[in-house]
Amino acid sequence: SGSTLQNVGDWNAGHGIKWAAIGDSITYGVKSTGPDSTSVDIIKCYANRVANELQVQSFTNLGVRGLGFVHSGNNGETLKADVIDTNTWTNYNLVTVALGINDYYGVSSIGSQSSAAWDGTVYGNIRGTIESILTSNPALKLIFITPFNMSKYGDTSSHYGKNYTRNNIGTLNDVKTAIIYWCDYYGIEYINETDYSVINDMNITSMLLDGLHPTATAHELIAREITKKINFS
């Protein structure tokens, strides 16, 4: 389920956690207040709930609707140009990256373990994300969160999106595998929410009413889960 997370409080004792959360519409909080398509409350999304629960010194939500490692956001935002290159990573001592669903959903190129940084593939852009952030701030604590499963595609036999191939490009599991590969390669910690999550095959259709975005209740449960997996105390 990923490498064991060190106690971030011990790692940064006495200095306070300055956390930035890179993510997509789930991190941003789409549908975090209800089922309608315009329902957004960034305060009630799981990431902000975790920040409040753990009483971090500062928190910046960098969630962008529709964003992926390759797939651009709803307004054309891209991970590199609009998130990576426009933020000063020395302002933070913790960054989490929770992306990948839109790459699967939007049918981006998966790439391979030989992909170069920022080559426009999922593998390459994950590599570029790690290298860019940690080159800017080598002392930063970087944690990846693999994508939650989705029920819009597939069924129980495929574990929904996890093992369902979209347009012969790949599965959500392929995206998760790419994330874990580079995290292991560079020694970056990760939380595996694709395989081990409060969102699972038994409850996924009630947790994700539109097949993609967690309900308000799901955001609350996800926050509890992530809080336990990122221990600041």
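**Entry 1: getting my bearings**

I call a residue buried when its relative accessible area is under 20%, exposed when over 50%, and partly exposed in between (1.4 Å probe, protein chains only). With that in hand, I looked up the whole chain: it has 233 residues, and 54% of them count as buried.

Two notes to self on the source. This is a predicted model, where local features need pLDDT of at least 70 and side-chain atom pairs count only at pLDDT 80 or more, while totals for chains, interfaces and linings use all residues. Residues are numbered from 1 along each chain as its sequence is written, and side-chain values use heavy atoms, with hydrogens and water left out.

Next I listed the elements, taking helices (H or I, at least four residues) and strands (E, at least two) as DSSP runs numbered from the N terminus. I find nine helices and five strands. Read from the N terminus, they go α-β-α-α-β-α-β-α-α-β-α-β-α-α.

I also looked at contacts, meaning heavy atoms within 4.5 Å. Among contacts with a separation of 6 or more, 69% join residues 24 or more positions apart.

**Entry 2: helix α6**

I checked the length of α6 against the expected span, which is 1.5 Å times one less than the number of residues. Its 15 residues should span 21 Å, and the end C-alpha atoms are 21 Å apart, so the two agree.

Which residues of α6 are buried? I get Val122, Tyr123, Gly124, Asn125, Ile126, Arg127, Gly128, Thr129, Ile130 and Ile133. The cover over them includes β1 (18-23), α4 (79-84), β3 (94-98), α5 (101-105), β4 and α7.

**Entry 3: α6 against α7**

Two packed helices are described by the angle between their axes and the distance between the axes. My axes are lines fitted to C-alpha atoms, for helices over the stretch in contact, with angles from 0 to 180 degrees between N-to-C directions. For α6 (residues 122-136) and α7 (residues 172-186), I read an angle of about 40 degrees and axes 9 Å apart.

The crossing of α6 over α7 is right-handed, that is, the near helix is turned clockwise from the far one by less than a right angle (anticlockwise would be left-handed). On the α6 side, the contact uses Val122, Tyr123, Ile126, Arg127, Ile130 and Glu131. On the α7 side I noted Val175, Thr177, Ala178, Ile179, Tyr181, Trp182, Cys183 and Tyr186.

I sorted these with Ala, Val, Leu, Ile, Met, Phe, Trp, Tyr, Cys and Pro as nonpolar, Asp, Glu, Lys and Arg as charged, and the others, Gly among them, as polar. The tally is eleven nonpolar, one polar and two charged.

**Entry 4: salt bridges**

I count a salt bridge when a side-chain nitrogen of Lys or Arg is within 4 Å of a carboxyl oxygen of Asp or Glu. How many does the whole structure hold? My search gave seven salt bridges.

One of them pairs Glu131 with Arg127 (3.1 Å, N to O). Both sit in α6, four residues apart, about one turn of the helix. An α-helix has 3.6 residues a turn, so residues three or four places apart point the same way. Glu131 is partly exposed, at 28% relative accessible area.

Then I followed Asp195. It pairs with Lys162 (2.6 Å, N to O). Asp195 lies in the loop between β5 (189-191) and α8 (204-207) and Lys162 in the loop between β4 (141-145) and α7, so this pair ties together parts 33 residues apart in sequence. Asp195 also pairs with Lys176 (2.7 Å, N to O). Lys176 is in α7, 19 residues from Asp195 in sequence.

Buried or partly exposed, in the case of Asp195? Asp195 is partly exposed at 26%, whereas Lys162 is buried at 17% and Lys176 is buried at 9%. I logged Lys162, Lys176 and Asp195 as a network of salt bridges.

**Entry 5: Ser115**

Ser115 lies in the loop between α5 and α6 and is buried, at 7% relative accessible area. Leaving out residues up to four places away in sequence, I see Ser115 touch Thr121, Tyr123, Gly124, Arg127 and Trp182.

**Entry 6: helix α9**

Last stop: α9 (residues 216-229) has 14 residues and reaches 20 Å, close to the 20 Å expected. Its buried residues are Ala218, His219, Ile222, Ala223, Glu225, Ile226 and Thr227. Among the elements covering them I noted α2 (25-28), α3 (46-54), β5 and α8.
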